[in-house]
Amino acid sequence: MGFKAVQEAFMAHIKDPEQVPGPPGIEDRRMAIYRELFFNNMEGFLSNGFPVLKSLYGQEHWLSLVRAFFARHQCQTPLFLEIGREFLHYLANEHEPRPVDPPFLVELAHYEWLELMVATVDEPDDGLLDQLDDGTPLAVPACAKAVSYPWPVHEISRDFQPNEPLDSPIYLLVYRDRQDEAAFMAINAATAQLLLLLEQQPGQSPAQLVEAMAALMPQVPREQLARGLMQTLAALAERGAVRRHLGEN
């Protein structure tokens, strides 16, 4: 057996030892060390990255979920911090639902992955705003993301596990605050739309955003809309979730 074939047999066994025998000529006692090391590293990262999700399972069912991901999913990146994204992709596209899985499995996993993403993404502080005026060019930083879910994912715990989705979606802003901590705030549909407009076309000023939002909300008086939009943007800027647009590097 050539070296590449040995490598492939080694990794296939490490990923799925119950289904794939170890490579010939290697003592199982030694293979057990690698099996435990690789799997424990994976389980430890997922436990830290998805603590609420893990808390909803008994140990056996959690480990079987991690084992299935480890054995079946072909990761597309060698970056350790991308494991969470890979796990989310697996749950959404490859995982075969089990009776023990909560109905909000994918949504909760996405929310927890988003918390990790905003906490670790590279985002300089150069654009942080202490004051805001009508002409300030704005942008949504990479460490802030507005999302909507049909489940109250920010409230789910071992003691609160809803069985039915909400009558209408909730909107959340997940962001990294000025203390470099992941945080979230509940927002309404209008604020989510505002952030989407700014994300799609960074560099817009509050005055320009008033015009864009007025076209979407013609029923709201212009003065009221402008006042509310400035208050919203100021609150977002205070949290670091909206920043000065610095242009292309």
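**Figure 1. Aromatic pairs in the predicted model.** Two rings of Phe, Tyr or Trp count as a pair if their centres lie within 6.5 Å. By this criterion the structure holds nine aromatic pairs. A pair of aromatic rings is described by the distance of the centres and the angle of the planes.

**Figure 2. Close-up of Phe 69 and Phe 87, an edge-to-face pair.** The ring centres are 5.2 Å apart, with 75° between the planes. Helix H4 (residues 59-72) carries Phe 69, and helix H5 (residues 83-93) carries Phe 87. The pair therefore ties together parts that are 18 residues apart in sequence. Phe 69 and Phe 87 are both buried.

**Figure 3. Close-up of Tyr 111 and Phe 184, a pair that links distant parts of the chain.** The centres of the two rings lie 6.3 Å apart. Their planes meet at 80°, so Tyr 111 and Phe 184 are edge-to-face; the cut-off for this class is over 60 degrees. Tyr 111 belongs to helix H6 (residues 105-120) and Phe 184 to strand E4 (residues 182-187). The two residues are 73 apart in sequence. Tyr 111 has 4% relative accessibility and counts as buried. Phe 184 has a relative accessible area of 36% and is partly exposed.

**Figure 4. Close-up of one aromatic cluster.** Its members are Phe 50, Tyr 57, Trp 62, Phe 69, Phe 87 and Tyr 90. Phe 69 and Phe 87, the edge-to-face pair of Figure 2, both belong to this cluster.

**Figure 5. Close-up of Arg 67 over the face of Phe 39.** Arg 67 lies at 4.0 Å from the centre of the Phe 39 ring.

Methods:
Residues numbered from 1 in each chain as written. Predicted model: local features only at pLDDT ≥ 70, side-chain atom pairs only at ≥ 80, totals over all residues. Heavy atoms only, no water. Phe/Tyr/Trp six-rings, centres within 6.5 Å; stacked < 30°, edge-to-face > 60°. Helix = DSSP H or I, 4+ residues; strand = E, 2+ residues; numbered from the N terminus. Buried < 20%, exposed > 50% of the residue type's maximum accessible area, 1.4 Å probe, protein only. Lys NZ or Arg CZ within 6 Å of the ring centre and 35° of its normal.
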